[in-house]
Amino acid sequence: TNNCLTGTSQFLSDLTWVSATNGYGPVEKDKSNGDIGDGDGTTIKLNGVTYNKGLGAHANSTIIYNLNGNYARFK
């Protein structure tokens with residue numbers, strides 16, 4: 001979650017990245033990294049906790065966003 005300067009929150013998965021590379025299949029929005037197809041991930045789950053929002057990516061990935069100075073914090 002990014003905290004905008006206006007005091008509202010925004011999820012990275014709701015924004016459009018500039019570029020994304022992933023070590024295995026495409027980066028997934030609001031799903032885990034699945035197989036090699038787009039949209040084949042499942043619910044994001046870490047240590048038994050499920051998340052509705054987030055990015056599913058392989059360990060070897062790069063996702064670049066241009067935030068244009070609109071955010072005060074990254075969480």
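A search of the whole structure, which is a predicted model, finds two salt bridges. I will take them in turn, then move to a surface patch.

The first pair on my list is Lys53 and Asp14, whose side chains meet at 2.6 Å, N to O. This bridge links distant parts of the chain, 39 residues apart. Lys53 sits in the loop between strand 6 and strand 7, the latter being residues 55–56. Asp14 sits in the loop between strand 2, residues 9–10, and strand 3, residues 19–22.

The other pair is Asp30 and Lys53, with a salt bridge of 3.1 Å, N to O. Asp30 lies in the loop between strand 4 (28–29) and strand 5 (44–46), and Lys53 in the loop between strand 6 and strand 7, so this bridge ties together parts that are 23 residues apart in sequence. Salt bridges with shared partners therefore join Asp14, Asp30 and Lys53 into one network.

Are these residues buried or exposed? Lys53 is partly exposed, with a relative accessible area of 27%. Asp30 is partly exposed as well, at 24%. Asp14 has 42% relative accessibility and also counts as partly exposed. The cut-offs here are under 20% for buried and over 50% for exposed.

Now the patch. Which residues make the nonpolar surface patch of about 270 Å²? They are Leu46, Val49 and Tyr51. Val49 is placed in strand 6, which covers residues 49–51. Val49 has 40% relative accessibility, so it counts as partly exposed.

Note on methods. Residues are numbered from 1 along each chain as its sequence is written. This is a predicted model: local features need pLDDT of at least 70, side-chain atom pairs count only at pLDDT 80 or more; totals for chains, interfaces and linings use all residues. Side-chain values use heavy atoms; hydrogens and water are left out. Patches are made of residues with over 30% relative accessible area and no salt bridge: like charges are joined within 9 Å, nonpolar side chains (Val, Leu, Ile, Met, Phe, Trp, Tyr) within 5 Å. Accessible areas come from the Shrake-Rupley method with a 1.4 Å probe; for residues, only the protein chains shown count as cover. A salt bridge is a side-chain nitrogen of Lys or Arg within 4 Å of a carboxyl oxygen of Asp or Glu. Helices (H or I, at least four residues) and strands (E, at least two) are DSSP runs, numbered from the N terminus. Buried means under 20% relative accessible area, exposed over 50%, partly exposed in between (1.4 Å probe, protein chains only).
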